[in-house]
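Thanks for coming. I'd like to take one model this morning and go through it from the inside outwards.

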Amino acid sequence: FDKHYFNGGGKVGGYFHEGFRDFPVHNITFQHILTRKPKSVLEIGAGRGYIGKRLEDVGIDYHGLEISKHCFLTRVCDNINLWDLCKTPWVVTNHSFIKKLDLCVSVATLEHIPMEFIPQVIKEMARACERGLHGIDFGEKDDGKDLTHVSLFSKVTWEKLFAEHAPGWPVEIVDKEWLES
């Protein structure tokens, strides 16, 4: 997930024509998050932090995790940690997880996690946060150009994975397109 992924795709897919910038969908997703009235948010796959910046601006305690060094170096808010989600337990600067964060959020992130790591990632979300909201690409409209989409599963499959690896954890799983509309 280097600068080529976010600024033109090419090697393995990514943001081909438009590059990665603050799209209007970030504000729409932010509005969806606000309706859940979170006290604090952990965003996994935070990108440059466009959603996080909006959350911070309204006084919500925000923390983000992002694997891309390019996004980390070009972030728009400070509370993003450079971190591979597949490495658990997660470390967030200035937060020990002794007290859980309220809402774990991801948008177009989980489909990039290889299947062998999904169980531990789900368990880590439940350990770190009280509840979850995840916008996932289920693959129904996937054009196949982004080779980093390695876990394209149906909503039902994702629900089963969460139920199996974090039983009883309150989580909303929605189509990423809905979360951005």
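Before anything else, one cut-off: a residue is called buried when its relative accessible area is under 20%, and exposed when that value is over 50%. What you have in front of you is a predicted model. Now the cut-off can be put to use. Cys129 has 0% relative accessibility, so Cys129 is buried. Cys129 is in no disulfide, and the nearest cysteine sulfur, that of Cys104, is 4.4 Å away. A disulfide needs the two sulfur atoms within 2.5 Å, so that separation does not qualify. For the structure as a whole, the number of disulfides is 0. Another cysteine, Cys77, is also buried, because its relative accessible area is 4%.

Now the overall layout. The protein chain contains 7 helices and 6 strands. Going along the sequence, the order is α-α-β-α-β-α-β-β-α-β-α-β-α. The chain has 181 residues, and 50% of them count as buried. If you take contacts between residues at least 6 apart in sequence, 67% of them join residues at least 24 apart. The accessible surface is about 8900 Å², with 55% of it belonging to carbon and sulfur atoms.

Next, the interior. In soluble globular proteins, nonpolar side chains tend to be buried together. Here the largest nonpolar core has 26 residues, and Leu42, Ile44, Leu110, Met125 and Trp158 are the ones with the most contacts inside it. At least two residues of this core come from each of strand E1 (40–44), strand E4 (101–107), helix H5 (118–128), strand E5 (129–136) and helix H6 (155–165). Which of these gives the most to the core? That is H5, with 6 residues. Apart from this core lies another, of 17 residues, which includes Ile33, Ile51, Val107 and Leu133.

Let me stay with H5. Of its 11 residues, 8 are buried, and the helix is mostly covered. The buried ones are Ile118, Pro119, Val121, Ile122, Glu124, Met125, Ala126 and Ala128. They pack against E1, E4, E5 and H6. To take one of them, what does Met125 touch, leaving out residues up to four places away in sequence? The contacts are Ile44, Trp90, Cys104, Leu110, His134, Phe162 and Trp169.

Some of those names come back when we look at the rings. The structure holds 2 aromatic pairs. Phe153 and Trp158 make a tilted pair, 5.5 Å centre to centre with 55° between the planes. Trp158 is at 0% relative accessibility and therefore counts as buried. Phe162 and Trp169 are a stacked pair, because their planes are at 10°, with the ring centres 6.2 Å apart. Phe162 and Trp169 are both buried. There is also a charge over a ring: the charged end of Arg75 sits over Phe72, 4.0 Å from the ring centre.

Moving to the loops, I'll begin between strand E3 (80–82) and E4, where we find Thr88. Thr88 is partly exposed, because its relative accessibility is 34%. Leaving out residues up to four places away in sequence, Thr88 touches Gln120 and Glu124. The C-alpha atoms of Thr88 and Phe117 are 9.7 Å apart, with the two positions 29 residues apart along the chain. Thr88 and Pro89 are joined by a cis peptide bond, with omega about 0°. Pro89 is in the loop between E3 and E4.

In the loop between E5 and H6 there is His149. Is His149 buried or exposed? At a relative accessible area of 19%, His149 is buried, because the cut-off is under 20%. His149 touches Glu111, His112, Asp137 and Asp142, again not counting residues up to four places away in sequence.

Last, the backbone angles. Most residues other than glycine have a negative phi, and most peptide bonds are trans. Lys37 is not a glycine and has a positive phi of about 50°. Lys37 lies in the loop between helix H2 (24–34) and E1, and is exposed because its relative accessible area is 67%. Ala108 has a positive phi too, near 55°. Ala108 sits in the loop between E4 and H5, and at 25% relative accessibility Ala108 counts as partly exposed.

That is where I'll stop; questions are welcome.

Definitions and conventions:
Residues are numbered from 1 along each chain as its sequence is written. This is a predicted model: local features need pLDDT of at least 70, side-chain atom pairs count only at pLDDT 80 or more; totals for chains, interfaces and linings use all residues. Side-chain values use heavy atoms; hydrogens and water are left out. Helices (H or I, at least four residues) and strands (E, at least two) are DSSP runs, numbered from the N terminus. Buried means under 20% relative accessible area, exposed over 50%, partly exposed in between (1.4 Å probe, protein chains only). Contact means heavy atoms within 4.5 Å. Accessible areas come from the Shrake-Rupley method with a 1.4 Å probe; for residues, only the protein chains shown count as cover. A nonpolar core is a set of buried Ala, Val, Leu, Ile, Met, Phe, Trp, Tyr and Cys residues joined through side-chain atoms within 4.5 Å. Rings of Phe, Tyr and Trp (its six-membered ring) pair if their centres lie within 6.5 Å; planes under 30 degrees apart count as stacked, over 60 as edge-to-face and the rest as tilted. A charge sits over a ring if NZ of Lys or CZ of Arg is within 6 Å of the ring centre and within 35 degrees of the ring normal.
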